[in-house]
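User: I am new to this structure and would like a close look at one part of it, with the surroundings brought in step by step. Please start from a simple turn in the chain and work outwards.

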Amino acid sequence: MDSVRSPEWPVAPLGGPAGNSAAARYGTSPTTGPALGRTGQPLPAPPPPYQPLAGTGSAPAPAPANRPPAAPPIPVKILIAGGFGVGKTTTVGAISEIAPLTTEAEMTSAGIGVDDPGVRSHKTTTTVAMDFGCVTIDRSLKLYLFGTPGQTRFGFMWDDLARGALGALVVVDSARLDDCFPAIDFFERAGLPFVVGVNAFDGRLALELGEIRWALAIGEHVPLVQFDARDRLSVRDALLVVLDRALERATRDRRA
């Protein structure tokens, strides 16, 4: 099996004395003159470089001693909130770089008339605790995504999930705007920066964005974006707006 090297480490050429020299491995200046042994005679040819046996693997080459270890990325907690059946679990699953942790339970006849996912939804399960996923933005920033349950009876969990969060994405179904009112009220009372993301079911909206802003009674300072919860790049763009909103809030508070 081929050895695995970090792209940040210099790759030494394989084979021959040059492959094992300090100059090739660490970038130091080679010594002048021929290599001599203890008796003053030229050294024999070195053995070939080590190659791991198939299936055994190998440890990565050590980093140069003069290079400090890279700092771990800064963790940022973001909430994915909204009403029941608006696409929160889909949003987390579309962007997460790990297999998302979900707490889905089958919907039963006991929920008829209580849990209404809408006529356009084919939802058969519901989140009973939270969803969790993560995505690395760059080497300095990593997002940890916590999806909240949408039903009112699970509202007691929102305070715990919101603790330590820097911002939130409130997912909205344009055909069921009334389901997202509790989420918007929660973040307005908590003073947590949030962005309203209108999930485009079937690629279209039931209302225009201007009409949605008016119906939700949110100010111009609250970003309102359209996105597709199934598309990774679309979810990424919505989360970047949340990050920008949180950064703007943090900068304003620092100046105050």
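Analyst:
**From a hairpin to the core**

Strand E4 (131-138) and strand E5 (141-147) are joined by a hairpin through two residues; strands (E, at least two residues) and helices (H or I, at least four) are DSSP runs, numbered from the N terminus. The model is predicted, with pLDDT of at least 70 needed for local features and 80 or more for side-chain atom pairs, while totals for chains, interfaces and linings use all residues. Residues are numbered from 1 along each chain as written, and side-chain values use heavy atoms, without hydrogens or water.

On either side of the hairpin, E4 and E5 pair in the antiparallel sense over seven bridges, where pairing requires at least two DSSP bridges. One of the partnerships joins Asp138 to Leu141 in E5. E5 also pairs with strand E1 (74-82), this time in the parallel sense and again over seven bridges, and here Lys77 stands opposite Tyr144 in E5. Six of the seven residues of E5 are buried (under 20% relative accessible area with a 1.4 Å probe and protein chains only; exposed is over 50%, partly exposed in between), so this strand is largely enclosed by the rest of the structure.

Helix H3 (residues 88-95) takes part in these surroundings. Its buried residues are Lys88, Thr91, Val92, Ala94 and Ile95, and they pack against E1, E4, E5, E6, E8 and helix H7 (232-255), with contact taken as heavy atoms within 4.5 Å.

Going further out, the largest nonpolar core has 26 residues; such a core is a set of buried Ala, Val, Leu, Ile, Met, Phe, Trp, Tyr and Cys residues joined through side-chain atoms within 4.5 Å. Leu79, Val170, Ile184, Phe187, Phe194, Val196 and Leu216 have the most contacts inside this core. At least two core residues come from each of E1, helix H4 (158-162), strand E6 (167-173), H5, E7 and H6, and H5 gives the largest share, namely four. If its neighbours within four places in sequence are left aside, Ile184 is in contact with Val170, Phe194, Val196, Leu216 and Ile218. Separate from this core is a second one of 22 residues, which includes Leu143, Leu145, Val225 and Leu239.

Leu216, one of the residues with the most contacts in the largest core, also belongs to helix H6 (residues 209-216), where it is buried together with Ile212 and Arg213. Gly210 and Trp214, by contrast, lie on the other side of H6 and are exposed. The buried residues of H6 pack against helix H5 (181-190), strand E7 (194-199) and strand E8 (224-227).

E7 and E8 are themselves linked, since they run parallel and are joined by four bridges, and Val198 has Gln226 in E8 as its bridge partner.

Two loop positions complete the picture. Ala217, which follows H6, sits in the loop between H6 and E8; although it is not a glycine, its phi is positive, at about 55 degrees. Ala217 is exposed, because its relative accessible area is 64%. Ser174, in the loop between E6 and H5, is instead counted as buried, because its relative accessibility is 4%.
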